[in-house]
Amino acid sequence: TSNKRTLRTLFRPAALPPPVISETSPSQKKLLAYHRGKEQQEVLHQLLIDRALDIYYITMDETDKRDAAPPITVLPSTVRKYFFIILNYLFMKKGVQRNPMIPIQQQWLRSMLALVPQTLMKGRDRELLTEELLKEIVRDYEKSMQRCVLRRVLVKPDIKELDKLEEEAPLPLLPLGLDFSSTWHNSYIKAKQQIISTLHILHPTMKTLLDFGYTAFFNFLLVDFSSSRLKGPVDCKSLKTDASLSCSKAEEEIMSTWYQRVVGLFSQSEALDGVKLDQLESFYNCVAVLMSNQLKGLLQRTTEVFVKLFDPEDRSRLPLFKMDLTYDENRMEFYPSLQDLEEAILFVVDCIGQTLQNVQTMRAWLTGGTATVDAELPAHTAQWAKSTLKKSIRDNLEGPKEHFKGYVESYGWLVDGTAEERINRFIAEQPSFDEYT
């Protein structure tokens, strides 16, 4: 601090001898050189003393430091012993650091850039970032090479105070938790071979099975009422009948075309090429899952197309239903009732979900078993379809309900007994002729 004496103020500053301008004889030059060398030794000695005091203060605790520096005669013997070793090491270290280092090869930098995907190298900002990263790599390389050469040439004294003087950052540590003892290539090859041997979906037979399903179900629906509006109004019974017949015919067509092609495929021995005996169970399970996905996809797509007919935003294909306004037992009502109409429409969804539920698996067909393919319509799809249809039916029946309400308000008193009661009461009162008229 400013109010304390520093180490440098305790000793007179080093001063070189004044230059000699006048001409001197050879003997005088020899004598002057002797005195100059002696003075230089004193200056060097003074510098060594200053350095020793610095080291001395480094070794001291904060509580033991005093404002004034101790005389050189009271320095500990250990300090006087190894401060020359430290100075010698630091001097030689500077000399080694001044030597030129072997520069990094440009081929190494090009190899590093080749590992980066080209999509990440495009753009002006990316180029500037790449240049900065390469400069950082070069700096780290030169620093590492300098440290390596220094450690190979010099043996650092085992003095802990030397670490405080060097002010050198520690070498970077490897990331924790990462094991670089083995490469990823071997494990990748092993995993790839295991996938090829156990993931049966990659088998050529599965590809053929996928082609069969795509060809058969690409543009096929179990029930198609998209043109029913053009045919005019239909009653609920006809709707149920048409849905049942359509699903039955579609199932027969699928079993006679798609399923027969699948059976023919697995009837050939080539279908199991490369499949080991202990993998037959898992292989046929994969076949069953693939067939299940194809059939479920057909059921789900048919259900979605049917529900879309009742889209409130597009009524161009909305089916028309025939309903009668009837009078029975002194009561007016729709026939069929609104509840029956809703049940008839939801019946189509149930009919679609009950189709293709008895398709044998290939393993059962080959071995004479009874196992069937899981072709059940997903529960969430059925629930979505019914809830959507109920809302659409409710919205589309608002008009008929208002029409029925108008009939009841205008003519209900004629059929519910109110008119008859008024007539009987009028007759019982025995009105006059004028009142009759």
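This report describes the overall make-up, the largest pocket, several helices and some backbone details of a predicted model.

## Overall make-up

The protein chain holds 16 helices and two strands. It has 437 residues, and 28% of them count as buried. Contacts in the chain often link distant parts of the sequence: among those between residues at least 6 apart, 74% join residues at least 24 apart.

## The largest pocket

The largest pocket contains about 320 Å³ of space. Its lining is made up of 15 residues, and those nearest the centre are L318, P319, F321, N396 and L397. By residue type, the lining has eleven nonpolar, two polar and two charged members.

Two helices, α11 (338–353) and α13 (379–396), each give at least two residues to this lining. The largest share is that of α13, with three residues.

## Helix α13

Helix α13 has 18 residues, which at 1.5 Å a residue should span 26 Å; the C-alpha atoms at its ends are 26 Å apart, so the expected and modelled lengths agree.

The buried residues of α13 are T381, A382, A385, L389, S392 and I393. They lie on the same side of the helix, because the arc they cover around the axis is only 105°. An α-helix has 3.6 residues a turn, so residues three or four places apart point the same way. Among the elements covering the buried residues of α13 are α10 (280–308) and α11. Helix α11 thus appears twice in this account: it helps to cover α13, and it also contributes to the lining of the largest pocket. On the face of α13 turned away from the buried side are the exposed residues A379, H380 and Q383.

## Helices α4 and α8

Helix α4 covers residues 124–153; its 30 residues should span 44 Å at 1.5 Å a residue, and its end C-alpha atoms are 44 Å apart, which agrees. Buried residues in α4 are T130, Y141, R147 and L150.

Helix α8 runs over residues 236–256 and contains D242. This aspartate counts as partly exposed because its relative accessibility is 39%, and the partly exposed class lies between 20% and 50%. D242 is 19 residues from V223 in sequence, while their C-alpha atoms are 8.6 Å apart in space.

## Backbone details in loops

The peptide bond leading from Y335 to P336 is cis, with omega near -5°. P336 belongs to the loop between β2 (332–335) and α11.

Two residues that are not glycines have a positive phi: L356, at about 60°, and Q430, at about 50°. L356 sits in the loop between α11 and α12 (362–367), whereas Q430 is in the loop between α15 (418–428) and α16 (433–436). Their surroundings can be set side by side. L356 has a relative accessible area of 0% and is therefore buried. Q430 has a relative accessible area of 68% and is therefore exposed.

How values were computed: Residues are numbered from 1 along each chain as its sequence is written. This is a predicted model: local features need pLDDT of at least 70, side-chain atom pairs count only at pLDDT 80 or more; totals for chains, interfaces and linings use all residues. Side-chain values use heavy atoms; hydrogens and water are left out. On a 1 Å grid over the protein atoms alone, a cavity is a set of points where a 1.4 Å probe fits but cannot get out, and a pocket is an open set with protein on both sides within 12 Å along at least five of seven lines; lining residues have an atom within 4 Å of a point. Grid points are joined across faces, edges and corners, and a volume is the space filled by probe spheres set on the points. Helices (H or I, at least four residues) and strands (E, at least two) are DSSP runs, numbered from the N terminus. Ala, Val, Leu, Ile, Met, Phe, Trp, Tyr, Cys and Pro count as nonpolar, Asp, Glu, Lys and Arg as charged, and the others, Gly among them, as polar. The expected span of a helix is 1.5 Å times one less than its number of residues. Buried means under 20% relative accessible area, exposed over 50%, partly exposed in between (1.4 Å probe, protein chains only). The arc is that of the directions from the helix axis to the C-beta atoms. Contact means heavy atoms within 4.5 Å.
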